[in-house]
Amino acid sequence: MGMKVVYLLLDGVGDCPLQEPSEWKGRTPLEIAKTPNLDAIAARGVCGMVDPVAPGKACGSDTAHLNLFGYPPEQYYVGRGCYETLGAGMRITPQDVAFKSNFATIEGTTVTKRRADRSFEHEGPILAGLLDGTVIPGFPDLSIKVMYTTEHRCAVAIVGPGLSDKITGTDPLVDDRPLCVSEPLDSTAEARKTADALNTLTKEVTRKLETHPINVERRARGKNPANLVLFRGPGSLAPTPPVAEKYGIKGAVIAPTAIIRGVAESVGFDLPKLPKEATGGMDSDFKVKVAAVLDALDEYDFVFVHFKGIDDASHEGDSHEKVRQIERVDAAIAPLLERNDVVLVLSGDHSTPCIKKDHSFESVPFVYCDPVASADAVTAYTEKECAKGDMGRFPGDRVMPLIVSRIKQ
Ligand SMILES: [Zn+2]
């Protein structure tokens with residue numbers, strides 16, 4: 001009989017042997033952390049090493065998740081702009097072109113500050129609301145959707161017929177450089193139209209922002225006016241069969257992190273609303289997320305839960321914090337081990353060695369733990385132990401077929 005599946009994804013959990021402190025030398029954070037629950041899952045299940053995208057390839061969380069969800073990035077990856085936009089909660093279609101955007105400062109034609117102000121939580125939503133729905137002058141069939149996200153950032157999408165994402169953005173990427181003019185990247189009429197519309201839109205946005213009372217006041221107080229929006233990472237969604245259609249299952253993703261929500265949304269997972277204590281950062285309340293998983297199991301065949309804090313600690317090169325985050329996840333997942341009616345799948349999405357402070361190419365430890373199937377000899381969730389497991393080393397696109405076949409058994 002089929003069984004429901006919970007996938008525990010520990011972002012950036014894989015690591016390399018640490019060099020310090022001396023008592024930790026030669027061991028990885030997973031080997032140092034006290035993880036009775038993760039080890040119990042490994043002991044009850046079959047283990048292996050997964051290459052989230054491909055052997056020897058360092059990957060982003062977005063491409064890794066796409067591939068683990070069974071959507072090969074070479075066919076379905078549509079760029080960070082799209083995922084951040086979807087993750088912020090904006091609905092876009094494959095016809096629209098989405099951007100990752102900043103409120104910035106322009107003087108004449110020079111972008112003096114690419115980030116007008118990092119403390120923009122009050123003003124950002126007001127200015128995003130002002131710009132939302134703007135019709136682009138000279139392009140009566142094109143308008144924009146704008147949504148404030150975090151700090152100086154907002155998500156923008158151009159909506160209308162005959163658009164293309166084969167254009168360059170307007171962000172000079174460095175302060176005190178001229179604003180870039182968007183150019184088409186191919187010879188289609190759609191790319192030409194979109195680049196022209198984006199250049200016109202940039203001027204219209206500045207016209208609207210320049211005289212807004214928020215900017216009049218900011219200038220009066222000697223602050224940088226937010227009189228420009230920079231457009232970067234243009235992308236359109238690829239036509240994508242949703243998970244319900246592709247696999248015939250009902251799936252939910254528990255993740256507060258915008259980019260993961262965006263990837264999940266792009267392939268049609270449901271995204272249950274989470275309490276604000278689930279922050280998507282190192283301060284996230286992991287127990288609240290596990291409670292959300294248990295709730296979702298009433299309704300869904302497959303529940304995927306993403307733990308981000310481990311990766312954040314790795315990017316800071318803080319091995320002590322990484323160990324602490326791993327132990328926090330371990331404590332939070334205890335209620336899931338009591339469920340003998342659920343298959344647990346456990347892996348990372350890439351390694352993020354503390355010594356490198358960045359994503360790296362190593363394969364990551366994987367466990368498939370089925371209450372009514374046999375286990376292998378592995379008894380600890382670590383890089384070295386899982387490498388001895390029965391599943392051996394395999395690519396990430398093998399994971400969903402395994403899960404789906406178990407749900408439908
Ligand atoms: Zn990641």
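This section describes the domains, pockets, cavity and one buried residue of a predicted model.

The protein chain of the predicted model is divided into two parts, domain 1 (4-77 + 241-408) and domain 2 (85-235). Taken over C-alpha atoms, the centres of domain 1 and domain 2 are separated by 35 Å.

The largest pocket encloses about 790 Å³ of space. Its lining comprises 35 residues, and those nearest the centre of the pocket are Glu84, Thr150, Thr257, Ala258 and Ile259. Two or more residues of this lining are given by each of helix H3 (61-68), helix H5 (80-87), strand S3 (97-107), strand S6 (139-148), strand S7 (153-159) and helix H10 (258-266). Of these elements, H10 gives the most to the lining, with 4 residues. Both domains take part, as the lining of the largest pocket draws at least three residues from each of domain 1 (4-77 + 241-408) and domain 2 (85-235). By class, the lining residues of the largest pocket divide into 14 nonpolar, 10 polar and 11 charged.

The second largest pocket has a volume of about 230 Å³. It is lined by Ile106, Gly108, Thr109, Leu179, Cys180, Val181, Asn199, Thr202, Lys203, Thr206 and Leu228. Helix H7 (residues 189-210) gives the most to this lining, with 4 residues. The lining of the second largest pocket has 5 nonpolar, 5 polar and 1 charged residues.

In addition to the pockets, the structure holds 1 cavity of 30 Å³ or more. The volume of the largest cavity is about 40 Å³. The residues that line the largest cavity are Leu66, Tyr76, Val78, Tyr83, Leu237, Ala238, Thr240, Ser266 and Val267. No charged residues occur in the lining of the largest cavity, which has 7 nonpolar and 2 polar residues.

A single residue, Glu321, was also examined. Glu321 is found in helix H13, which spans residues 319-332. The relative accessible area of Glu321 is 16%, and Glu321 is therefore classed as buried, the cut-off being under 20%. When residues up to four places away in sequence are not counted, Glu321 touches Met282 and Ala313.

Technical notes:
Residues numbered from 1 in each chain as written. Predicted model: local features only at pLDDT ≥ 70, side-chain atom pairs only at ≥ 80, totals over all residues. Heavy atoms only, no water. Buried < 20%, exposed > 50% of the residue type's maximum accessible area, 1.4 Å probe, protein only. Contact = heavy atoms within 4.5 Å. 1 Å grid on protein atoms, 1.4 Å probe; cavity = no way out; pocket = protein on both sides within 12 Å on 5 of 7 lines; lining within 4 Å. Points joined across faces, edges and corners; volume = space filled by probe spheres on them. Nonpolar A, V, L, I, M, F, W, Y, C, P; charged D, E, K, R; others polar. Domains from an automatic or database assignment.
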